[in-house]
Amino acid sequence: MGPVTPTETSPRPALRVCPLLHTADPRHSAWWRHAVIYQVYPRSWADSNGDGIGDLPGITARLDHLRRLGVDALWLSPFYPSPQADGGYDVADYRDVDPLFGRLADADELIARAHELGLRVIVDLVPNHSSDAHAWFRTALAAGPRSSERDRYVFRDGRGAGGDLPPNNWESVFGGPAWTRVTEPDGSPGQWYLHLFDPAQPDFNWDHQQVRSEFESVLRFWLDRGVDGFRVDVAHGLVKRKGLPDHRARTHMLGDTEEAAAHVLDGHAPEPTHQIPYWDQDGVHEIYRSWRTVLDSYGPPDRILCAEAWVEPQERAVRYTRPDEMHQAFNFDFLGTPWIAADLVAVIERSLLAADSVGAPSTWVLSNHDVVRHATRLGFPPGTRRPNGIGAEDPQPDRELGLRRARAATTLMLALPGSAYLYQGEELGLPESTDLPDQLRQDPTFVRSGGEEKGRDGCRVPMPWTRDAPGHGFGPGPATWLPQPKVYGHYAVDQQDGVAGSTLELYRTLLRLRRELSLGSGSLAFVGGYGPDVVAFVNGNADGDRLLVVANLGAEPVVLPDAAEVIEASAPLGDGLVPTDTTVWARWPWRAGHRTTDSLDA
Ligand code: NOJ
Ligand code: CA
């Protein structure tokens with residue numbers, strides 16, 4: 001793509017480069033400050049033995065896909081022994097591999113092969129709760145009330161006559177009460193235990209010293225096997241407010257409730273998460289400080305911690321990434337931002353300023369295993385509340401529009417300084433499965449919400465690798481643990497590999513350019529003058545390269561400045577203008593010696 005010739009009908013806007021919002025990192029800053037990390041959901045990526053469930057040998061055999069894609073690291077969702085009540089986020093043994101996924105030796109091989117290919121490996125750590133099949137929980141049940149074994153979890157007597165009512169009114173994130181009553185070893189109705197998620201996921205008591213030392217030992221176990229870091233599940237949930245006081249509302253995955261979303265859409269600031277007595281309590285931070293000491297003892301290169309913490313406001317969220325705590329935290333604010341230019345500008349600004357205030361990189365993410373894929377989400381009108389799963393009888397997205405916007409959104413995201421997370425299949429433009437039969441759904445949310453929320457299965461459907469192979473090449477046979485939608489063959493890797501303009505090739509190009517231009521450690525200054533429907537900024541690096549990024553969310557095409565040389569675009573530019581729902585990357589050698597506040601007549 002070469003220089004752009006605007007048409008007569010499109011007047012050139014007078015552009016203005018705003019003052020620098022974020023300053024470039026030094027050229028050789030630590031890898032995690034700018035890394036692109038690809039999330040693999042092991043159950044659904046590649047199956048080696050034909051049982052229809054993805055596994056570790058399957059992942060190892062396909063790692064070359066990631067090398068060719070151009071990411072820096074992969075994050076594996078849990079593969080530990082587990083009854084799979086919540087897709088493995090119910091861990092029965094933190095130091096082994098579930099036979100479903102392979103053996104411990106397969107994890108060693110995966111790590112070794114990834115390292116040979118220059119990929120780092122991040123594993124999932126689930127410290128808020130274990131599985132009810134964990135040896136500690138079984139011992140706790142057997143040992144009876146007020147035993148030291150029960151003290152490693154959160155057991156309480158019930159309220160009311162006979163202790164028949166739960167100890168407080170907390171609700172589980174998956175719906176229903178956050179407490180389940182046990183039957184005591186003598187057969188009598190007994191105490192209740194806390195589970196912020198499924199009843200099969202009892203919460204640990206983090207005031208207990210043994211819980212703390214156990215997790216430090218688990219960190220060492222995996223660090224000794226060579227992992228490069230941990231994604232920390234529900235990092236904001238470990239410590240509960242003393243006395244476990246009542247709280248009025250249920251919180252959802254990623255922290256948004258119908259009520260909270262409406263409140264924010266009405267223009268109010270989100271309610272601070274730490275008002276909820278089980279989220280974002282100050283006591284969590286000393287835990288991460290001690291973990292940081294463990295990790296630092298293994299570097300260099302740095303081993304990292306990334307917080308999954310649904311915390312508002314961002315000033316509180318970035319406390320997880322202070323210099324002596326975690327390295328990164330997921331930016332769910334960005335993920336939740338509607339396809340509205342002013343909202344995107346605001347979230348980018350907020351995120352960079354907040355992260356800079358603690359010296360951490362911002363992160364960026366659009367999809368993961370808990371949310372409707374962004375190629376589908378963006379196929380609904382902007383501002384539509386993000387659904388928790390979609391069923392055949394629900395309003396359906398505009399698939400073409402969703403993909404067009406998803407490509408534009410990713411092209412915008414990958415130009416932002418900081419670290420970015422990708423979710424498996426998004427590099428194919430994969431849509432959500434929106435017509436899974438209810439009887440096949442496995443997400444506990446579906447049952448616990450009485451079917452009101454379809455849940456997360458639709459984003460967890462096995463990957464299509466080869467259009468014309470059984471199961472689209474997911475495994476050696478036709479079996480896939482969830483059925484693949486009919487359209488998945490069209491999105492298969494082999495249909496896009498080497499095909500100019502395919503989503504896979506777009507991702508490959510963006511990732512290559514991002515690396516070559518050091519965009520992950522670049523600076524950012526917004527560019528003003530385009531009007532309210534455009535997000536435009538400049539990312540500059542230490543070598544003096546400058547990339548102009550223009551995302552047009554408006555209905556009318558927009559013009560690029562004179563000297564801009566387009567190097568990639570999420571959709572064809574046609575007559576040289578940036579059409580609607582398109583993001584462009586362009587080299588832009590603007591006048592030397594200008595001050596950033598000068599008006600630039602583009
Ligand atoms: C967040 C994980 O991403 C999600 O999949 C899981 O259900 C909950 N934490 C509980 O572990
Ligand atoms: Ca398998």
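Which protein donors does the calcium ion (ligand 2) have, and at what distances do they lie from it?

## Calcium site

In this predicted model, the protein donors of the calcium ion (ligand 2) are Asp-47 through OD, Asn-49 through OD1, Asp-51 through OD, Ile-53 through its O atom and Asp-55 through OD, and they lie 2.2 to 2.4 Å from the ion. Read along the sequence, these donor residues follow the spacing D-x1-N-x1-D-x1-I-x1-D.

Is Ile-53, one of these donors, buried or exposed? Ile-53 counts as buried because its relative accessibility is 13%, which is under the 20% cut-off for that class.

## Surroundings of ligand 1

Ligand 1 is surrounded by 15 residues, the closest being Asp-86, Asp-233, His-369, Asp-370 and Arg-456. By residue class, the shell around ligand 1 comprises seven charged, five nonpolar and three polar residues.

Among the polar contacts, an N or O atom in the side chain of Asp-370 is placed 2.5 Å from an oxygen atom of ligand 1, while a polar side-chain atom of His-369 lies 2.8 Å from an oxygen atom of the ligand and a polar side-chain atom of His-129 lies 3.0 Å from an oxygen atom of the ligand. Of the 290 Å² of accessible area that ligand 1 has on its own, the protein covers 100%.

## Confidence of the model

The protein chain has an average pLDDT of 93, with 93% of the residues scoring at least 70. Over residues 1–9, however, the pLDDT is below 50, and this stretch has 19 contacts in the model beyond near neighbours in sequence. Residues 592–602 likewise stay under 50 in pLDDT, and for them the model has 24 contacts beyond four places in sequence.

Notes: Residues are numbered from 1 along each chain as its sequence is written. Chains are lettered from A and ligands numbered from 1 in the order in which they are written. This is a predicted model: local features need pLDDT of at least 70, side-chain atom pairs count only at pLDDT 80 or more; totals for chains, interfaces and linings use all residues. Side-chain values use heavy atoms; hydrogens and water are left out. pLDDT is the predictor's confidence in each residue, from 0 to 100. Contact means heavy atoms within 4.5 Å. A residue is near a molecule or strand if one of its heavy atoms lies within 4 Å of it. A polar contact is a pair of N or O atoms within 3.5 Å; within protein, one must be able to donate a hydrogen and the other to accept it, and residues adjacent in sequence count only if both atoms are side-chain atoms. Accessible areas come from the Shrake-Rupley method with a 1.4 Å probe; for residues, only the protein chains shown count as cover. Ala, Val, Leu, Ile, Met, Phe, Trp, Tyr, Cys and Pro count as nonpolar, Asp, Glu, Lys and Arg as charged, and the others, Gly among them, as polar. Donors are N, O and S atoms within 2.8 Å of the metal (3.2 Å for Na, K and Ca); water is not among the atoms, so sites may look incomplete. Buried means under 20% relative accessible area, exposed over 50%, partly exposed in between (1.4 Å probe, protein chains only).
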